[in-house]
Amino acid sequence: MGQLESISVFVKAVERGSFAAAAQELRLTGTMVGTHVRSLEDRLGTKLLNRTTRRQSLTEAGRLYYERCKKILAEVTDAQLDVADLQAIPKGRLKIVSQVSFGVHALTPACAEFIAKYPTVSVDLVVSDRLADLVNEDFDIAFRIGDLPDSALIARPLDPYASIICASPDYFAKRGTPLHPTDLSHHTCLGLAHPIASREWRLRGPDGMIHVPVSLAMSINNGEALRTAALSGLGIIMQPEVLLNGDVAAGRLIPILADYLPTPKPMHLMTFRHRRPTAKIRMFVEFALERFGRRAARTRLPSVSDGSSSD
């Protein structure tokens, strides 16, 4: 008769309210349930349960012991599940949310690669600049760009989310190439419809932060639309690297002012602290950390808040 087995029987007897009810659920005899409880009482040298023919109640020591035993059994169950999960094949639906540019240009191909590696996993990817309610919308993983609010989630840092300044070869052929941020004031710039960003671009250079006045020929509330406008030769844009890398590599856009760029935004992969990581979540987190950033130590943030941050 093992101690852990006796603890399990004792907890069940307390929760079911009688030896008979516990015996029926555990498929034991009432006498065997009593034997397990007495074994614990003998080991501890104190009475755990007061019993009469009509009712049973916990002693003070029994109440303390019961609370601790519940936690012990939960830890044992979690440990067994964790070990089993390590050997399990990831499977089932994985629900992920990300802001648009990163989701479309970086996360979508990464998810395709993950599914090819683990075909028993399906991914429900939501890309939106509307900040989702992670709890009520039942997401497993979220990618966040920008400063994080206080949160009960676990945040794993990824590589910072950098932006670049560029325009099409046709634009530079017609208007010349800016050599210093102050030159931007004399060029056609395109940007987000934002109360600050539509008036000035904030760039960090060798001598620190500088604020460059700009006059936007076109303001758009979507990065993809800005990219299309730049490809058409309309003007200069400042947008996320992940959105423009393909065009830069193909020569459709030319980056400028490499020494004067906006400060990269912090980026994190978010998971729930109080949800046991299943194989599909654990494997995707490892995959994403390898693809999008160093394996950084987890950061525990001081309560889920879903404040918005544009990408």
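Me: Is D247 buried or exposed in this predicted model?
Reply: D247 belongs to helix α8, which spans residues 241-249. A residue counts as buried when its relative accessible area is under 20%. For D247 the relative accessible area is 2%, so the residue is buried.

Me: Which residues is D247 in contact with, leaving aside its neighbours within four places in sequence?
Reply: Contact here requires heavy atoms within 4.5 Å. Leaving aside the neighbours within four places in sequence, the residues that satisfy this for D247 are R227, L231, R252 and L253.

Me: What is the N to O distance at which the side chains of R252 and D247 meet?
Reply: The two side chains form a salt bridge, and the partners have contrasting settings: D247 is buried at 2% relative accessible area, whereas R252 is partly exposed at 42%. A salt bridge needs a side-chain nitrogen within 4 Å of a carboxyl oxygen. For R252 and D247 the N to O distance is 2.8 Å.

Me: Which residues are joined into one network by salt bridges that share partners?
Reply: The pair R252 and D247 meets in a salt bridge. Through shared partners, this pair belongs to one network, whose members are E224, R227, D247 and R252.

Me: How many salt bridges does a search of the whole structure find?
Reply: Among them are the pair K12 and E25 and the pair K70 and E67. The search of the whole structure gives a total of nine.

Me: How many residues apart in sequence are the parts that the pair K12 and E25 ties together?
Reply: The side chains of K12 and E25 meet in a salt bridge at 3.1 Å, N to O. K12 lies in helix α1 (residues 3-16) and E25 in helix α2 (residues 19-26), so the pair ties together parts whose separation in sequence is 13 residues.

Me: Which relative accessible areas do K12 and E25 have?
Reply: Buried means under 20% and exposed means over 50%, with partly exposed in between. K12 is therefore buried, while E25 counts as partly exposed. The values are 17% for K12 and 40% for E25.

Me: By about how many helical turns are K70 and E67 separated?
Reply: The side chains of these residues meet in a salt bridge at 3.8 Å, N to O. Both count as partly exposed, K70 at 34% and E67 at 37%. They are three residues apart in helix α4 (residues 60-86), so their separation is about one helical turn.

Me: Why do the buried residues of α2 lie on the same side of the helix?
Reply: The buried residues of α2 are F19, A22 and A23. They lie on the same side of α2 because the arc they cover around the axis is only 100°.

Me: Which exposed residues does the face of α2 turned away from its buried side carry?
Reply: The buried side of α2 has cover that includes α1, α3 (30-44), β1 (49-51) and β2 (56-58). The face turned away from that side carries the exposed residues A20 and Q24.

Me: What phi does R27 take?
Reply: R27 comes just after α2. The phi of R27 is positive, at about 60°.

Me: What percentage of the residues of the protein count as buried?
Reply: The protein has nine helices and 15 strands. Its accessible surface comes to about 16700 Å², of which 52% belongs to carbon and sulfur atoms. Of its 311 residues, the share that counts as buried is 42%.

Note on methods. Residues numbered from 1 in each chain as written. Predicted model: local features only at pLDDT ≥ 70, side-chain atom pairs only at ≥ 80, totals over all residues. Heavy atoms only, no water. Helix = DSSP H or I, 4+ residues; strand = E, 2+ residues; numbered from the N terminus. Buried < 20%, exposed > 50% of the residue type's maximum accessible area, 1.4 Å probe, protein only. Arc of directions from axis to C-beta. Areas by Shrake-Rupley, 256 points an atom, 1.4 Å probe, with all protein chains shown as cover.
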